[in-house]
Amino acid sequence: ICNLFLKINNLVFALFAQCLWCYTNNTCIDYPVRSILPPSSLCSLSNARWGVCWINFEALIIAIAVVAGLILMSITVCCCYCCYCRRRSR
């Protein structure tokens, strides 16, 4: 019965992503809108889920940081390469 209850809760949670699912106590808490990251008093980052049940905040933060870093590095390399090629061709 507990597994069925958790599956139903995860389905409802996925449909209404305004809540923060905490694996520590298996509850869906209203997402704290005033802060970007949920405070550790509500739920630790490793146990907090949002959007889908299998993505935790730690993985989400790392993935976003890696993608943002790659985009910034790509833009920087392209700008430096274009500036260098233009100066050299003149």
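Biologist: Let us start with β1. Which of its residues cover the two faces?

Modeller: Cys-19 and Trp-21 lie on one side of β1, and Leu-20 and Cys-22 lie on the other. All of these residues are buried, so both faces of the strand are covered. Please bear in mind that this is a predicted model.

Biologist: How many bridges link β1 and β2, and in which sense do they pair?

Modeller: The pairing of β1 with β2 is antiparallel and runs over 4 bridges. Within it, Cys-19 has Asp-30 of β2 as its bridge partner, while Leu-20 is matched with Ile-29 of β2.

Biologist: And what about the turn, which residue there takes a positive phi?

Modeller: That is Asn-26, with a phi near 50°. The hairpin of β1 and β2 has 4 residues between the strands.

Biologist: What does β1 do with β3?

Modeller: β1 and β3 also pair in the antiparallel sense, over 2 bridges. Trp-21 of β1 has Arg-49 of β3 as its bridge partner.

Biologist: Now the cysteines. How many disulfides are there?

Modeller: The count is 1 disulfide. Cys-22 is joined to Cys-43, with an S to S distance of 2.1 Å.

Biologist: Which hand does the link of Cys-22 and Cys-43 have?

Modeller: The link is right-handed, with 85° about the S-S bond. Cys-22 sits in strand β1 (residues 19–22), whereas Cys-43 is in the loop between β2 (27–30) and β3 (48–50), so the pair ties together parts that are 21 residues apart in sequence.

Biologist: Are Cys-22 and Cys-43 buried or exposed?

Modeller: Both Cys-22 and Cys-43 are buried.

Biologist: Where is the nearest cysteine sulfur to Cys-78?

Modeller: The nearest one belongs to Cys-82 and is 6.2 Å away, and Cys-78 is in no disulfide. Cys-78 counts as partly exposed because its relative accessibility is 47%, which falls between the 20% and 50% limits.

Biologist: Then why is there no bond from Cys-83 to Cys-79?

Modeller: The sulfur of Cys-83 has its closest cysteine sulfur in Cys-79, at 6.3 Å, which is too far for a bond. A disulfide would require the two sulfur atoms to be within 2.5 Å. Cys-83 also counts as partly exposed, because its relative accessibility is 44%.

Biologist: Changing topic, which residues does UniProt list as a "transmembrane region"?

Modeller: The UniProt record, an unreviewed entry, lists residues 59–84 under that name. In the model, residues 59–84 are 100% helix and 0% strand, and the end C-alpha atoms of the span lie 37 Å apart.

Biologist: Which residues form the nonpolar patch on the surface?

Modeller: The patch is formed by Ile-36, Leu-37 and Ile-61, which together have about 290 Å² of accessible area. Ile-36 is located in the loop between β2 and β3.

Biologist: Is Ile-36 buried or exposed?

Modeller: Ile-36 counts as exposed, because its relative accessibility is 75% and the limit is over 50%.

Biologist: Finally, the whole chain: how many helices and strands does it have, and in which pattern?

Modeller: The chain has 2 helices and 4 strands. Along the sequence they follow the pattern α-β-β-β-β-α.

Biologist: What percentage of the chain is made up of buried residues?

Modeller: Of the 90 residues in the chain, 17% are buried. Cys-22 and Cys-43, the partners in the disulfide, are both buried.

Key. Residues numbered from 1 in each chain as written. Predicted model: local features only at pLDDT ≥ 70, side-chain atom pairs only at ≥ 80, totals over all residues. Heavy atoms only, no water. Buried < 20%, exposed > 50% of the residue type's maximum accessible area, 1.4 Å probe, protein only. UniProt positions renumbered as here; feature names shortened; annotations may be inferred. Pairing = 2+ DSSP bridges. Patch = residues over 30% accessible without salt bridge, like charges linked within 9 Å, V, L, I, M, F, W, Y side chains within 5 Å. Areas by Shrake-Rupley, 256 points an atom, 1.4 Å probe, with all protein chains shown as cover. Salt bridge = Lys/Arg side-chain N within 4 Å of Asp/Glu carboxyl O.
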